[in-house]
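Work through the exercises below with the sequence and the structure at hand. Try each task before reading its solution.

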Amino acid sequence: MEAHFFRRLCVELSVHLTGARIEKFFEPAPDTTTIVIHRTGRKQNLLFQAGRRFPLLFLSDKRPVNPDNPSAKSMWLRKYAAGKRLGTPVVDWCNRRIAFPLTTTPVTWLVLDLCNGVFITKEEPDWAGFEPAWCEPEDLPQVLASSDVWSKYPQLTPPLRKALSALIHDDPMDAQALFVDLEYGYGTVETQEDLDELGEVYLYIKDGKPTDAYVWPLPEAIRGKRVEKPVSTAIEAATAIGEMRLFAELAQAEASITAKPVVAALKRTKKTIARLNQEKDRLERMIAGQQQAVLLQASLWQIDADRKLPSITLTVPEGIEGLVAGEECTITLDPRKSIRENMAHLFKQATRGKRGINMLAERRQVLEMQYARLQRGEGEVPKLQTEKKLKGGALKRQQKQQAKDKFIQRFRSSDGFLMLRGRNAQGNHEILNRVSSYDLWFHAEDGPSAHLVLHLDYPDQQIPEQTLNEAAILVGVKSWQREDEQASIMFARVKNVRKIKGAAAGKVRAEAEGSLLVKLNPELEETLKSNM
């Protein structure tokens, strides 16, 4: 987050959050904090992610999925800040940190530092109100050319330096005007009317996704393929970027955790198959030794069978399969054994090899089928023998979860979106416990059907038309309209789907967002199952 954009965002947050009450803290991921606040009669989430590359701070009506148990840090924050109200903050915008006084006696401070995270301090931060030194506008070319510009003028951030350099090249007066505007800042902003007079913020979108935002328009020379979209507030721009990036990261992390046992099982199975291939080569060499044993047996009448030799060269007689009659064949022997004993050993090894290769073929077939099922996302992940066995409550919870999994079917759309469909009323009830508020829920219109949820990586993600139609078809083939050529399917955001208290499992009340009329295709189920 660019420092001047952070400065504007803090001005807006000061007006919006002063007087708001903190309800709870959550930590959905490392260095990520959800602060649930209550202001002007409604709840909102102040979402924060620390980091030097892509820190985030934004307000959202959506809340990330939280872990089953709160972290120690979130519990510590709740202890000292939950239930308290936020006062007028102090800001060090150059270093992208803001501190809110809390209504405690004595006053404590909630600090949001985009580099170092969230914490509470008893003393007012010593950086409160820090303002950097500014150079003269006429000196900009020399300052921008300096190698230590960042240490002397930290407010000249890399994006600002690029913009000023481009403007100086085209029109030096525009560069000086922008520099002066940034130096004077925003003055005193206390009300919504004051905010309305601050002017627009510029949001930049690349490949349909918001990527960054600035308080000045980027010159054409450095804009590249980004599309400029003016918005009225920094809060709106920060929310657009934050929701896309944070929710996508959390979804990716969750998918990685879910896939980790499967990936490990695939690697183990692949290694086992490779070892079986090596074993097959060894067994085939043992079986091939039978030809040498037959040759020794056929030649015993003309050699001293009790001699001990390191090797022996024999002429191949007629009738030995796999060897050419009349050619000479050298056989390596164990010098500690006689020729007769070597012959018996070769026969014994060949018998063992034949028996072993049949067993190996069966084992290899099982592993290859298991590997294919894991790649398709079917079946259970085989457990390591070294894994600890669950006992007591943990075992019961796992068994309960596995039992619920049987009520849910998984599909993958042609565009790669995960879809969960209930097998029965219990499955319809359970899928609502496993999804996010911004996911899409599907159901047949005017009658009973399976429930289906289309999982999104982040709020407001663009959904291809083909995926929407595939989700609707999967519902239609499991609905009262399944015998018809077409089906009418409604969809809604999960946040607008409510379970009815006291009603049977699977009964919900939903506020529809739209509907689709789709042509039914029963074969689509198998196609999308194989995509897993």
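The exercises that follow concern a predicted model.

**Exercise 1. Helix 1**

Task: Describe the length, the surroundings and the two ends of helix 1 (residues 3-17).

Solution:
1. Helix 1 has 15 residues, and from its first C-alpha to its last it reaches 20 Å. The expected value, at 1.5 Å a residue, is 21 Å, and the span is close to that.
2. Of its 15 residues, 13 are buried, so helix 1 is largely enclosed by the rest of the structure.
3. At the N-terminal end, Glu-2 acts as a cap: one of its side-chain oxygens lies 2.8 Å from the backbone nitrogen of His-4.
4. After the helix comes Gly-19, which has a positive phi, near 95°.

**Exercise 2. The nonpolar cores**

Task: Find which residues touch the most other members of the largest nonpolar core, and which helix gives the most to this core.

Solution:
1. The largest nonpolar core has 97 residues, and those touching the most other members are Leu-110, Leu-112 and Phe-442.
2. Helix 9 (residues 234-299) gives the most to this core, with 9 residues.
3. Another core, of 16 residues, lies apart from it; Ile-320, Cys-329, Ile-331 and Leu-333 are among its members.
4. Leaving out residues up to four places away in sequence, the contacts of Phe-442 include Ala-450, Leu-468, Val-475, Phe-491 and Leu-516.

**Exercise 3. Two packed helices**

Task: State how helix 5 (residues 158-170) and helix 6 (residues 172-184) pack, and what kinds of residue make the contact.

Solution:
1. The two helices pack at an angle of about 145°, and their axes are 6 Å apart.
2. Helix 5 contributes Leu-160, Leu-164, Leu-167, Ile-168 and Asp-170. From helix 6 come Pro-172, Asp-174, Ala-175, Leu-178, Phe-179 and Leu-182.
3. The residues of this contact divide into 9 nonpolar, no polar and 2 charged.

**Exercise 4. Backbone exceptions**

Task: Locate a cis peptide bond, then decide whether Arg-96 and Asp-446 are buried or exposed.

Solution:
1. Most residues other than glycine have a negative phi, and most peptide bonds are trans.
2. The bond from Thr-105 to Pro-106 is cis, with omega near -5°. Pro-106 lies in the loop between strand 6 (97-102) and strand 7 (108-113).
3. Arg-96 is not a glycine, yet its phi is positive, about 55°. Its place is the loop between strand 5 (90-92) and strand 6. Buried means under 20% relative accessible area, and Arg-96, at 15%, is buried.
4. Asp-446 also has a positive phi, about 65°. Its loop runs between strand 16 (440-444) and strand 17 (452-454). Exposed means over 50%, so Asp-446, with 76% relative accessibility, counts as exposed.

Conventions. Residues numbered from 1 in each chain as written. Predicted model: local features only at pLDDT ≥ 70, side-chain atom pairs only at ≥ 80, totals over all residues. Heavy atoms only, no water. Helix = DSSP H or I, 4+ residues; strand = E, 2+ residues; numbered from the N terminus. Expected span 1.5 Å × (residues − 1). Buried < 20%, exposed > 50% of the residue type's maximum accessible area, 1.4 Å probe, protein only. Polar contact = N/O pair within 3.5 Å; in protein donor to acceptor, adjacent residues only side chain to side chain. Core = buried A, V, L, I, M, F, W, Y, C linked by side-chain atoms within 4.5 Å. Contact = heavy atoms within 4.5 Å. Axes fitted to C-alpha atoms, helices over the stretch in contact; angles between N-to-C directions. Nonpolar A, V, L, I, M, F, W, Y, C, P; charged D, E, K, R; others polar.
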